[in-house]
Amino acid sequence: QVQLVESGGGLVQAGGSLRLSCAASRSILVINAMGWYRQAPGKQREMVATINSGGSTNYADSVKGRFAISRDNAKNTVYLQMNALKPEDTAVYYCKSITFGSWGQGTQVTVSS
């Protein structure tokens, strides 16, 4: 098992940037695949971005070119850099250990117009 703790959410104006962090309780090299997901009010949780231990990434079409997922194996941390934020990006963002199926508690991102 692995515990995940997200941080970095907040309130930002449209066009602004935020960087989310996800700290894992164990080596993310063991975890292999990790991802960021989000859930807006009244909507299903959706994949935002994923990254595997080799650094291969995958993005939802809605965030391609604006968001970037990365990992620092030495710090056991995965990041989500979010640029050019839009009001429709407003959601609770969750980190997930895809390999173990563990979720973090989520961090709120609110983008004002």
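This is a guided tour of one protein chain, stop by stop, with a suggestion of what to select at each one. Keep in mind that the model is predicted.

**Stop 1: the whole chain**

Start with everything shown as a cartoon. The protein chain contains one helix and 11 strands. Follow the chain from its start and you meet the elements in the order β-β-β-α-β-β-β-β-β-β-β-β.

Now turn the C-alpha trace around. Along its principal axes, the trace spans about 40 × 25 × 20 Å. A compact globule of 113 residues would have a radius of gyration near 13 Å, and the protein chain agrees with its 13 Å. If you colour by accessibility, 44% of the 113 residues count as buried. Among the contacts with a separation of 6 or more, 54% are between residues 24 or more positions apart.

**Stop 2: the disulfide**

Which two residues form a disulfide here? Select Cys22 and Cys95: their sulfur atoms are 2.0 Å apart. A disulfide is a covalent bond between the sulfur atoms of two cysteines. The structure holds one such link.

Zoom in on the bond and look along it. The angle about the S-S bond is -80°, and the link of Cys22 and Cys95 is left-handed. Next, show the strands on either side. Cys22 belongs to strand 3 (residues 18-24) and Cys95 to strand 9 (residues 91-97), so the disulfide ties together parts 73 residues apart in sequence. Are these two cysteines buried or exposed? Both Cys22 and Cys95 are buried.

**Stop 3: the aromatic cluster**

Select Tyr37, Tyr94 and Trp103 and show their side chains. Ring pairs link these residues into a cluster, and the structure holds two aromatic pairs.

Take Tyr37 and Trp103 to begin with. Their ring centres are 5.1 Å apart and their planes stand at 70°, so this pair is edge-to-face. Tyr37 sits in strand 4 (residues 34-39) and Trp103 in strand 10 (residues 102-103), so the pair joins parts that are 66 residues apart in sequence. Then look at Tyr94 and Trp103. Here the centres are 6.2 Å apart and the planes are at 90°, so this pair is edge-to-face too.

How accessible is each member of the cluster? Tyr37 is buried at a relative accessible area of 14%, and Tyr94 is buried at 13%. Trp103 is partly exposed, with 34%.

Keep the rings on screen and add Arg45. The charged end of Arg45 sits over the ring of Tyr94, 3.7 Å from its centre. The charged end of Arg45 also sits over the ring of Trp103, 4.5 Å from the centre of that ring.

**Stop 4: the salt bridges**

Side chains of opposite charge can pair when their charged atoms come close. In this structure there are four salt bridges.

Select Arg38, Glu46, Arg66 and Asp89, which are linked in a network of salt bridges. Centre the view on Arg38, which is buried with a relative accessible area of 6%. One partner of Arg38 is Glu46, and the closest N and O atoms of this salt bridge are 2.7 Å apart. Glu46 is partly exposed, at 35% relative accessibility.

Now turn to Asp89, whose side chain meets that of Arg38 in a salt bridge of 2.9 Å, N to O. Arg38 is in strand 4, while Asp89 is in the loop between strand 8 (77-82) and strand 9, so this pair ties together parts that are 51 residues apart in sequence. Asp89 is buried, as Arg38 is.

**Stop 5: one last pair**

Finally, select Lys64 and Asp61. What joins their side chains? They meet in a salt bridge, 3.1 Å from N to O. Asp61 is exposed, with 66% relative accessibility.

**Before you close the viewer**

To see the stops together, keep three selections on screen. The first is the disulfide of Cys22 and Cys95. The second is the cluster of Tyr37, Tyr94 and Trp103. The third is the salt-bridge network of Arg38, Glu46, Arg66 and Asp89.

Methods: Residues numbered from 1 in each chain as written. Predicted model: local features only at pLDDT ≥ 70, side-chain atom pairs only at ≥ 80, totals over all residues. Heavy atoms only, no water. Disulfide = S-S within 2.5 Å. Helix = DSSP H or I, 4+ residues; strand = E, 2+ residues; numbered from the N terminus. Buried < 20%, exposed > 50% of the residue type's maximum accessible area, 1.4 Å probe, protein only. Phe/Tyr/Trp six-rings, centres within 6.5 Å; stacked < 30°, edge-to-face > 60°. Lys NZ or Arg CZ within 6 Å of the ring centre and 35° of its normal. Rg over C-alpha atoms; globule rule 2.2 N^0.38 Å. Contact = heavy atoms within 4.5 Å.
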